[in-house]
Amino acid sequence: MKWMLTLVFAFLVSACTHKVQVETKEPITINLNVKVDHEIRVKVDKELDDLFSDDSELF
């Protein structure tokens, strides 16, 4: 008899599980505003290398 009460109690408790859903009204968009200045740095680095090279008489 105890096992039957335990079974009924377990059934009632499991029937009370909650379900949570998250919904949005609009689709989620991710804007990646990335500034790429790698080319500019390479040009500056190359000019500095030419300026400080062994052939130049700067130093």
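Q: What percentage of the 59 residues of the protein chain count as buried?
A: The model is a predicted one. A residue is called buried when its relative accessible area is under 20%. Of the 59 residues of the protein chain, the share that counts as buried is 0%.

Q: How many helices and how many strands does the protein chain have?
A: One helix, H1, covers residues 2–14, and another, H2, covers residues 38–51. The count for the protein chain is zero strands and two helices.

Q: Does H1 lie largely in the open or largely buried, and what number of its 13 residues is buried?
A: The end C-alpha atoms of H1 are 18 Å apart, which agrees with the 18 Å that its 13 residues should span at 1.5 Å a residue. H1 lies largely in the open because the number of its residues that are buried is zero.

Q: Is Met-4 buried, partly exposed or exposed?
A: Met-4 has its place in helix H1. Partly exposed residues fall between the cut-offs of 20% and 50%. With a relative accessible area of 47%, Met-4 is therefore partly exposed.

Q: What is the area of the nonpolar surface patch that includes Met-4?
A: Besides Met-4, the patch is made by Met-1, Trp-3, Leu-5, Leu-7, Val-8, Phe-11 and Leu-12. Its area is about 980 Å².

Q: Which residues gather in a patch of negative charge on the surface?
A: Glu-47, one of them, has its place in helix H2. At 57% relative accessibility, Glu-47 counts as exposed. The patch gathers Asp-45, Glu-47, Asp-49 and Asp-50.

Technical notes
Residues are numbered from 1 along each chain as its sequence is written. This is a predicted model: local features need pLDDT of at least 70, side-chain atom pairs count only at pLDDT 80 or more; totals for chains, interfaces and linings use all residues. Side-chain values use heavy atoms; hydrogens and water are left out. Patches are made of residues with over 30% relative accessible area and no salt bridge: like charges are joined within 9 Å, nonpolar side chains (Val, Leu, Ile, Met, Phe, Trp, Tyr) within 5 Å. Accessible areas come from the Shrake-Rupley method with a 1.4 Å probe; for residues, only the protein chains shown count as cover. A salt bridge is a side-chain nitrogen of Lys or Arg within 4 Å of a carboxyl oxygen of Asp or Glu. Helices (H or I, at least four residues) and strands (E, at least two) are DSSP runs, numbered from the N terminus. Buried means under 20% relative accessible area, exposed over 50%, partly exposed in between (1.4 Å probe, protein chains only). Lys and Arg count as positive and Asp and Glu as negative; His and the chain ends are not counted. The place of a charge is taken as NZ of Lys, CZ of Arg, CG of Asp or CD of Glu. The expected span of a helix is 1.5 Å times one less than its number of residues.
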